[in-house]
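Visitor: Hey, could you walk me through this one? I'd like to ask about whatever catches my eye.

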Amino acid sequence: QHYFIQSNLRMSDGNRQTPSTTAEYGSISAPDDAPSEHDVTMTTNDTASLVPPRDLSSSSTQDLNEVYQHMGWGLSQYLYWAATALISYSDYAELTILSVALPSIRCEWQLSTLFETAITMSVFVSYAIFAVVFGRISDIHGRKVVLTSSALVLIVSAGVSAGAPNKWVFLAGRVVTGACIGINFSTVACYATEFAESRLREVGLCVFNLAAMSGYAAVNALALAFLRTVGWRWFIVIASLPILPALVLLIYLPESPRYLCVSGKQEQAHKTLRFMARLNGAQLPDTLNLVCQVETQDLGSYKTLFSKQFRNSTICLAVMYFMDIFLEFGLIIFLPLYFSSGVCAGNGMGQPPKHDCVPLSTDDMVNLTLTALCALLGVMGSILSSHKLGRLGPIRVSSILQTIGIALLFFCFNGTFTSVVIMTTKAVQAFINTSIWIMLPESFSTEVRSTAVGFVNGAGKFGGVLGTGWVQYFFYVDPRLVLGMFLATSVVGAAATFVLKRETKDVVLT
């Protein structure tokens with residue numbers, strides 16, 4: 001069932017006349033020259049493509065993609081994508097800070113294994129809860145207000161963590177930080193795709209994913225450069241700085257036009273489109289009659305996610321992301337412990353390591369930085385292969401390769417071989433993670449997109465909770481138990497990629 005929301009707004013001599021907005025629901029017909037369901041759809045034809053744009057000035061109705069095509073690609077998209085990049089970078093940086101700073105914090109406060117586990121798990125618990133809750137709130141109240149508020153709170157929580165007088169205040173700061181990251185990730189992926197025409201969404205998703213993994217790589221590089229000299233408190237401050245310009249951009253930039261259009265806020269959508277056109281140096285017609293195709297009248301509906309239309313995508317992507325994040329954040333905690341403990345001794349995993357106060361050495365930081373750079377290569381590989389080969393094929397192949405790589409980690413033949421396997425496996429894991437994030441906003445319509453992203457993101461972060469907790473506890477019992485669980489999650493995730501039915505490469509966003 002499709003709903004067309006039509007709005008008329010005439011601009012004359014810079015003065016806006018009162019808009020007339022009509023919404024028709026049920027079995028209706030679109031205006032005669034509105035885009036047909038065959039032309040713009042993401043639910044009935046998975047290989048839909050954009051028709052050639054019409055001359056807006058000669059058309060009585062316009063589709064949002066046509067307006068985007070008319071105004072072109074320019075400064076407005078660059079500013080939106082800059083905000084997206086800075087938020088994504090900051091979120092991943094905040095997640096990575098804990099893994100590289102925790103050995104130093106352990107030494108300063110003599111943290112027990114239990115309290116370390118509480119710190120790491122609390123971040124991901126709050127992340128998961130707030131990702132689910134605020135994904136729906138973003139669909140109901142908008143992207144801008146959610147992201148702006150979250151960015152402001154993230155700045156405060158980073159400052160609290162850096163200045164914490166004791167471990168309890170630090171724990172509280174990280175709980176709030178996790179909540180903000182969950183809110184951001186559920187919203188920013190949608191934000192990245194909604195202010196350009198459908199065929200350019202890959203650029204927004206590319207920026208989102210590259211910036212996120214750059215945050216991971218940059219924090220490891222900053223740790224190598226500054227952690228041992230300035231201490232973990234100033235390290236947190238330095239690593240958290242990019243969120244400041246992100247907040248400035250969020251305050252300046254308007255709401256997503258695509259969200260405004262489908263939520264019935266046509267006048268605001270017109271204002272935003274004219275703002276973007278001015279930044280791009282383009283001229284929109286004096287009269288805009290925007291037609292928005294709406295898949296459901298119920299914004300942010302969880303019921304819609306499990307309808308026949310979206311059920312397979314919702315369940316499969318949630319399972320895939322749960323397994324991927326179990327592995328991703330498990331590795332974030334596992335690798336510093338692995339490199340610093342010297343657990344891999346010649347022909348096997350050796351004896352269980354001791355829980356000692358051993359900060360990361362320079363060599364450990366170099367290995368972590370190289371691993372993070374390999375992950376960045378994985379992100380770029382996913383973006384290129386998704387564009388050329390589609391989504392499903394590459395993610396299925398990479399899931400199999402990841403499973404093989406984890407299996408090889410049981411055998412520590414020599415230091416160099418093991419390091420190569422770790423870096424390759426991390427690159428493949430980042431490839432899978434990026435592929436999921438590319439498919440996720442493409443698989444759902446605007447009315448429930450942020451809700452879907454929040455649900456899948458929250459499911460993934462519950463995987464992160466279990467992954468980090470599992471590593472924190474069982475690494476000191478037997479590292480093979482950690483690798484065994486990594487292997488199991490990789491197998492289940494790979495199986496889910498073959499159950500997922502929908503190829504989203506050529507889907508046009510609604």
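**Charges and rings**

Guide: Sure, let's begin with a salt bridge: the side chains of glutamate 116 and arginine 106 meet in one, at 2.5 Å from N to O. Keep in mind that this is a predicted model.

Visitor: Where do glutamate 116 and arginine 106 lie?

Guide: Glutamate 116 is in helix α3 (residues 113-141) and arginine 106 is in helix α2, so the pair ties together parts that are ten residues apart in sequence.

Visitor: Okay, and are glutamate 116 and arginine 106 buried or exposed?

Guide: Glutamate 116 is buried, and arginine 106 is buried too.

Visitor: How many salt bridges does the structure hold?

Guide: It holds five salt bridges. Another one of them joins arginine 174 to glutamate 94, with the closest N and O atoms 3.1 Å apart. Arginine 174 sits in helix α5 (residues 167-193) and glutamate 94 in helix α2 (residues 75-109), so this pair ties together parts 80 residues apart in sequence. Both arginine 174 and glutamate 94 are buried.

Visitor: Switching topic: how many aromatic pairs are there?

Guide: The count comes to 15 aromatic pairs. One of them is phenylalanine 306 with phenylalanine 455.

Visitor: Why is the pair of phenylalanine 306 and phenylalanine 455 called edge-to-face?

Guide: The ring centres are 5.5 Å apart and the planes are at 90°. Planes over 60 degrees apart count as edge-to-face, so that's the label this pair gets.

Visitor: And which parts of the chain does that pair tie together?

Guide: Phenylalanine 306 lies in the loop between α10 (302-305) and α11 (311-341), while phenylalanine 455 lies in helix α15 (residues 446-474), so the parts being tied together are 149 residues apart in sequence. Phenylalanine 306 is partly exposed, with a relative accessible area of 36%. Phenylalanine 455 is also partly exposed, at 23%.

Visitor: Got another ring pair?

Guide: Yep, phenylalanine 334 and phenylalanine 475 are edge-to-face as well, 5.7 Å centre to centre with 80° between the planes. Phenylalanine 334 is in helix α11 and phenylalanine 475 is in the loop between α15 and α16 (479-499), 141 residues apart. These two phenylalanines, 334 and 475, are buried.

Visitor: Which residues do ring pairs link into a cluster?

Guide: That would be Phe326, Phe334, Phe475 and Phe486.

Visitor: Last one, the whole chain. How many helices and strands?

Guide: There are 16 helices and five strands. Of the 510 residues in the chain, 60% are buried.

Terms used
Residues numbered from 1 in each chain as written. Predicted model: local features only at pLDDT ≥ 70, side-chain atom pairs only at ≥ 80, totals over all residues. Heavy atoms only, no water. Phe/Tyr/Trp six-rings, centres within 6.5 Å; stacked < 30°, edge-to-face > 60°. Helix = DSSP H or I, 4+ residues; strand = E, 2+ residues; numbered from the N terminus. Buried < 20%, exposed > 50% of the residue type's maximum accessible area, 1.4 Å probe, protein only. Salt bridge = Lys/Arg side-chain N within 4 Å of Asp/Glu carboxyl O.
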